[in-house]
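Dear colleague,

I am passing on the structure below, together with some notes on what came out of going through it. Please read the notes with the coordinates open beside them.

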Amino acid sequence: MSSLASHFAGGRDYLAACTLGLPSRATVRAVRADLEAAASGRPDVVAASQAVEQARASYARLVSAPVGDVAIGSQTSVQVALIAASVPDGAEVLCAEGDFSSLVAPFAHAGRGIRLRTAPLPELADAVSPDTWLVAFSLVQSATGEVADAMRIAAAAARAGARTLVDLTQAAGWLPVDATMFDATVCHAYKWLCCPRGVSFLTVSPAFAREIRPVQAGWYSGDDPWSSCYGTGGVLASDARRFDVSPAWQAFVGAAPALALFADADITASYAHTTALAARFRDGLGLAHPERPSAIVTWPDATGEALAQLTAHGITASGRAGRARVAFHVFNDELDVDRALHALGVRGGDDLSAFDGLVYAI
């Protein structure tokens, strides 16, 4: 991972990619250049629009989807709401218990008699019924780091004739993903993909796309956005671009190099690296290993004591749903694991106290 790590200026003691990814050097350069050009009276809208399409293409490669199946947005909840608007009146939507609210809340508040039902993630496949219209779940759970048995869930949905919607936000960037396994996916790219906040993606199969109403259509949903600025917007794009919303240009300027970096990387090597670090940390704390390896490790921390210990040693981590949470990304290494264990009072073969308070560059 040294080649990927070299693209980041920081990373030592940063174990929170599941909360917010770190910008790459290229992202910082791109955003600074864009700001400086705008500040000097030379904003480059053409270049920003090109960055949008570069980002779309890189993301499509990353999740193994045709670029024509990818729509751009700024928040996953908005893109989930697009799907929720097309759920038939009175239909059932099945979600995983405790999943991230951006994936669940749009269905809970959609009205029209839509019935929301939940089941524990390990039981989600068995909970699919003939009445289920849509199964929605995160491929990797935000609160626990648990990786879903996606193939089993997708197969159960297919047998029942139900659609699938999968949130890739906590997966894309470290876990190999094939978005074409599902009818639709969403992803906010500011976490593991290290993009500026305000860049999200929707993938949708052509068959499912025909069932979705473009209720958020605007000028950027047109076949030619620059000819769709007035009135009804003209002819909508024939592919997933008809679900585009007007992009946050500066965010996409920063996202384009970050997404190219991850799309060009060996995702299987990233998966092996991140999950090996997580496994080392689990072993240090004596935590059980999950059935499907994850780059996120969580453990009970109702009082916040563990998170406070990490913070006191200069380690950035997070806490969710009464659990402490650490995440290991491409800019982390074994020393990050050992320093975190030391902060939690776990002593290995070496005394790491001499490292406390030092700053390391990746």
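**The cavity and its lining**

In this predicted model, the largest cavity is lined by Ile72, Gly73, Ser74, Val78, Gln79, Gln216, Phe243 and Val245. Its volume comes to about 30 Å³, and the count for the structure is one cavity of 30 Å³ or more. Which elements supply at least two residues each of this lining? They are strand 1 and helix 4, the latter spanning 76-84. Sorted by class, the lining of the largest cavity holds four nonpolar and four polar residues, and no charged residues.

**Salt bridges**

Side chains of opposite charge can pair when their charged atoms come close. A search of the whole structure returns 17 salt bridges, and three of the pairs that link distant parts of the chain are set out here with the exposure of each partner.

One of them joins aspartate 264 to arginine 61, with the closest N and O atoms 3.0 Å apart. This pair links distant parts of the chain, since aspartate 264 belongs to helix 9 (residues 249-264) and arginine 61 to helix 3, the two being 203 residues apart. Are these partners buried or exposed? Aspartate 264 has a relative accessible area of 56% and therefore counts as exposed, the cut-off being over 50%, whereas arginine 61, at 47% relative accessibility, is partly exposed.

Another salt bridge is formed by arginine 152 and aspartate 126, whose closest N and O atoms are 2.7 Å apart. Here too the pair links distant parts of the chain, with arginine 152 in helix 7 (residues 150-160) and aspartate 126 in helix 6 (residues 124-127), 26 residues apart. Arginine 152 is partly exposed, with a relative accessible area of 35%, while aspartate 126 counts as exposed at 58% relative accessibility.

Glutamate 334 forms a salt bridge with arginine 280, and in this case the closest N and O atoms are 3.6 Å apart. The pair again links distant parts of the chain: glutamate 334 is in helix 12 (residues 334-343), arginine 280 is in helix 10 (residues 267-285), and their positions lie 54 residues apart in the numbering, counted as the distance apart. Both partners are partly exposed, glutamate 334 with a relative accessible area of 45% and arginine 280 at 31% relative accessibility. Elsewhere in the list, Arg12, Asp333 and Asp336 are joined into one network by salt bridges that share partners.

**Two residues with positive phi**

Most residues other than glycine have a negative phi. Against that background, where does serine 64 lie, given its positive phi of about 60° although it is not a glycine? Serine 64 is placed in the loop between helix 3 (45-62) and strand 1 (70-73), and at 44% relative accessibility it counts as partly exposed.

Arginine 112 likewise has a positive phi of about 60° without being a glycine. Its place is in the loop between helix 5 (101-108) and strand 3 (115-119), and with 35% relative accessibility arginine 112 is partly exposed.

Two of the elements named above come up under more than one heading. Strand 1, which supplies at least two residues of the lining of the largest cavity, also bounds the loop that holds serine 64; helix 3, at the other end of that loop, contains arginine 61, the partner of aspartate 264.

With best regards

Methods. Residues are numbered from 1 along each chain as its sequence is written. This is a predicted model: local features need pLDDT of at least 70, side-chain atom pairs count only at pLDDT 80 or more; totals for chains, interfaces and linings use all residues. Side-chain values use heavy atoms; hydrogens and water are left out. Helices (H or I, at least four residues) and strands (E, at least two) are DSSP runs, numbered from the N terminus. Buried means under 20% relative accessible area, exposed over 50%, partly exposed in between (1.4 Å probe, protein chains only). A salt bridge is a side-chain nitrogen of Lys or Arg within 4 Å of a carboxyl oxygen of Asp or Glu. On a 1 Å grid over the protein atoms alone, a cavity is a set of points where a 1.4 Å probe fits but cannot get out, and a pocket is an open set with protein on both sides within 12 Å along at least five of seven lines; lining residues have an atom within 4 Å of a point. Grid points are joined across faces, edges and corners, and a volume is the space filled by probe spheres set on the points. Ala, Val, Leu, Ile, Met, Phe, Trp, Tyr, Cys and Pro count as nonpolar, Asp, Glu, Lys and Arg as charged, and the others, Gly among them, as polar.
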